[in-house]
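Colleague: I should like to learn how the features of a model are read, step by step. Please give the general idea each time and then the case at hand.

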Amino acid sequence: MIAGGQTVIPAGSSVFPRPRPAYCYFEIYTPGANEAATVHLRILDVRTGASKREGNASTSRIHNQPSGQTTIAVGLRLPIETFPAGLYRLEVTAIDAPDKTATRAVDFEINTTTSNPLSPR
């Protein structure tokens with residue numbers, strides 16, 4: 001998978017050893033090749049529901065789409081190195097018009113004892 005000129009290789013686990021960096025990859029499907037979208041990322045503590053990080057990014061700033069392509073590939077670094085061990089939820093909302101939004105969420109774990117993020121739980 002390629003996003004913004006970066007190759008992203010998916011991991012087979014949702015457990016990340018701290019303090020290693022983590023990345024997310026997702027695709028936004030748009031009806032037009034020249035459309036941009038805004039992406040809102042939010043990281044929540046699953047146990048408390050508290051927001052740990054929030055932010056927006058415009059996909060037009062992330063990379064330029066090739067002509068005729070209607071998929072925006074997005075790869076972003078998640079700022080989780082300082083988070084304590086625990087369960088978290090990443091929520092991604094893509095907005096390409098005021099009435100056109102899509103939200104997806106995925107849970108992940110930060111573990112201070114796992115040395116191999118691909119090892120089974």
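The dialogue below treats the fold, one strand, the core, the aromatic pairs and the salt bridges in turn.

Modeller: A note on conventions comes first. This is a predicted model, in which local features need pLDDT of at least 70 and side-chain atom pairs count only at pLDDT 80 or more, while totals for chains, interfaces and linings use all residues. Residues are numbered from 1 along each chain as its sequence is written, and side-chain values use heavy atoms, with hydrogens and water left out.

Colleague: Which secondary structure does the chain contain?

Modeller: Helices (H or I, at least four residues) and strands (E, at least two) are DSSP runs, numbered from the N terminus. Here the chain has one helix and nine strands, in the order β-β-β-β-β-β-α-β-β-β along the sequence.

Colleague: What share of the 121 residues is buried?

Modeller: Buried means under 20% relative accessible area, exposed over 50%, and partly exposed in between (1.4 Å probe, protein chains only). By that criterion, 36% of the 121 residues count as buried. Contact means heavy atoms within 4.5 Å; of the contacts between residues at least 6 apart in sequence, 64% join residues at least 24 apart.

Colleague: How is a single strand read, and which side chains of strand E4 point to the buried face?

Modeller: In a regular strand the side chains alternate between the two faces of the sheet. Strand E4 (residues 22–29) shows this alternation: Ala-22, Cys-24, Phe-26 and Ile-28 point to one face and are buried. Tyr-23, Tyr-25, Glu-27 and Tyr-29 point to the other face and are not buried.

Colleague: Which strand is joined to E4 by eight bridges?

Modeller: Two strands pair if DSSP finds at least two bridges between them. E4 is joined by eight bridges to strand E7 (residues 71–78), and the two run antiparallel. Within E7, Leu-76 is the bridge partner of Cys-24. Val-74 also lies in E7, and it counts as buried because its relative accessibility is 0%.

Colleague: How many residues make up the largest nonpolar core?

Modeller: A nonpolar core is a set of buried Ala, Val, Leu, Ile, Met, Phe, Trp, Tyr and Cys residues joined through side-chain atoms within 4.5 Å. The largest one has 21 residues, and those with the most contacts inside it are Phe-26, Ile-28, Leu-41, Ile-43, Ile-80, Leu-90 and Phe-108. At least two residues of this core come from each of E4, strand E5 (38–45), E7, E8 and E9. Beyond its neighbours within four places in sequence, Leu-90 is in contact with several residues, including Cys-24, Leu-41, Ile-43, Leu-78, Val-106 and Phe-108.

Colleague: How are aromatic pairs described, and how many are there?

Modeller: A pair of aromatic rings is described by the distance of the centres and the angle of the planes. Rings of Phe, Tyr and Trp (its six-membered ring) pair if their centres lie within 6.5 Å; planes under 30 degrees apart count as stacked, over 60 as edge-to-face and the rest as tilted. The count comes to three aromatic pairs. One of them, Phe-16 with Phe-108, is edge-to-face, at 5.9 Å centre to centre and 75 degrees between the planes. Phe-16 lies in strand E3 (residues 15–17) and Phe-108 in strand E9 (residues 100–111), so this pair ties together parts 92 residues apart in sequence.

Colleague: What of Tyr-88 and Phe-108?

Modeller: The ring centres of Tyr-88 and Phe-108 are 5.8 Å apart and their planes meet at 25 degrees, so the pair is stacked. This pair links strand E8, which holds Tyr-88, with strand E9, which holds Phe-108, 20 residues apart. Tyr-88 is buried, with a relative accessible area of 1%, and Phe-108 is buried at 5%. Phe-16, Phe-83, Tyr-88 and Phe-108 form one aromatic cluster.

Colleague: How many salt bridges are counted, and where do they lie?

Modeller: Side chains of opposite charge can pair when their charged atoms come close. A salt bridge is a side-chain nitrogen of Lys or Arg within 4 Å of a carboxyl oxygen of Asp or Glu, and the count comes to three. Glu-91 forms one with Arg-42, the closest N and O atoms being 2.8 Å apart. Glu-91 lies in strand E8 and Arg-42 in strand E5, so the pair ties together parts 49 residues apart in sequence. Arg-89 and Asp-107 meet in another (2.7 Å, N to O), which links strand E8 to strand E9 across 18 residues. Arg-77 and Glu-81 also meet in a salt bridge, at 2.1 Å, N to O.
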